[in-house]
Amino acid sequence: MKITAYLCLLVMILAVSGCNKGTRNYDIATTEQLVEEPIETTVLPAEETEVTTEFATDGYPKLERMLGDDSSFILGISMISFTDAIKLGEAVKEKGENASQMSGDWYTIRVGGVEYFYIVNTKERLESFRGLAVTGEGSGLGNGIMIGTSEEEICEKYPNVAIMNFDNTYISEPREDNKGWRVDEYPESWLSRFDYVITAGLDPVESRANTAYIALMMKDKAVAAITYYTWVDWE
């Protein structure tokens, strides 16, 4: 099924916020059997995860927002299950835990020019889609930002993006309405491929604050991957 980037983001919001509606239950005990014996998807109770930031950004420029077609992938993205992805692509496996406190093995699986992220807990027999990134040559956004676009070109078009290290320290001047980088939403080995991140908001301008972000993963001052992430505060 082909989807737009923003529909992909809606799927990711369910996953990242701790609402495990994308979690699949498998009657198996090993990751090899994950490929062979999937059963029906089940819905689990939401995990309430409080996330906070301590950025003092009042008085700084408001974080740039990329809206509508500007933030959509120019190439269609196919959403695929873990079962299909591990058959079709090249997988990197590592131990880890993400922001919704789901622990298990991170799988980064590259299928064509898209990399898919899953957490698989074989003890609990659960598999959960956690997001995706485009990395292939010729991939990019409706606003013209492509794999290979330079930091200078990005800042010429969007001067108020946030440029940040992965420890949530600013390289650029701070930005108002920016909750920062989501440090625990991606596998460590995947993040280690990049130098820093450039982010912009995806929420409508009238929104009180940004909860959804586009992330341009930078290597040697050029875009090497594009992904989305969310912040959800539970009260």
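Two residues are in contact when heavy atoms of each lie within 4.5 Å. The structure shown is a predicted model, and this rule serves to describe the surroundings of one residue, Tyr118. Leaving aside neighbours within four places in sequence, Tyr118 is in contact with Ile80, Ser81, Phe82, Ala85, Asp105, Trp106, Tyr107, Ile109, Glu127, Ser128, Phe129 and Arg130.

Tyr118 also belongs to the largest nonpolar core, a set of 32 residues. Within this core, Tyr118 and Leu216 touch the most other members. The elements that give two or more residues to the core are one helix, α3 (82-88), and the strands β6 (103-111), β7 (114-121), β8 (126-134), β10 (196-201), β11 (212-219) and β12 (222-230). A second core, separate from this one, has 23 residues, including Ile119, Ala133, Val197 and Trp231.

From the nonpolar cores the reader can turn to the charged side chains. Side chains of opposite charge can pair when their charged atoms come close. In this model the count comes to 11 salt bridges.

One of the salt bridges joins the side chains of Asp177 and Arg65, at 4.0 Å from N to O. The two residues sit in distant parts of the chain, 112 residues apart. Asp177 lies in the loop between β9 (162-164) and α5 (188-191), and Arg65 lies in the loop between β3 (38-41) and β4 (77-78). Arg65 counts as buried because its relative accessible area is 16%, under the 20% limit. Asp177, with 22%, is partly exposed.

Another salt bridge pairs Arg182 with Asp184, at 3.9 Å from N to O. Here too the partners fall into separate classes of exposure: Arg182 is buried, at 3% relative accessibility, whereas Asp184 is partly exposed, with a relative accessible area of 31%.

In a further pair, the side chains of Lys219 and Asp195 meet at 3.4 Å, N to O. Lys219 is in strand β11 and Asp195 is in the loop between α5 and β10, so this salt bridge ties together parts that are 24 residues apart in sequence. Both partners are partly exposed: the relative accessible area is 34% for Lys219 and 35% for Asp195.

Salt bridges can also share partners. Lys62, Arg65, Glu176 and Asp177 are joined in this way into one network. The pair of Asp177 and Arg65 described above thus has both of its residues in that network.

How values were computed: Residues are numbered from 1 along each chain as its sequence is written. This is a predicted model: local features need pLDDT of at least 70, side-chain atom pairs count only at pLDDT 80 or more; totals for chains, interfaces and linings use all residues. Side-chain values use heavy atoms; hydrogens and water are left out. A nonpolar core is a set of buried Ala, Val, Leu, Ile, Met, Phe, Trp, Tyr and Cys residues joined through side-chain atoms within 4.5 Å. Buried means under 20% relative accessible area, exposed over 50%, partly exposed in between (1.4 Å probe, protein chains only). Helices (H or I, at least four residues) and strands (E, at least two) are DSSP runs, numbered from the N terminus.
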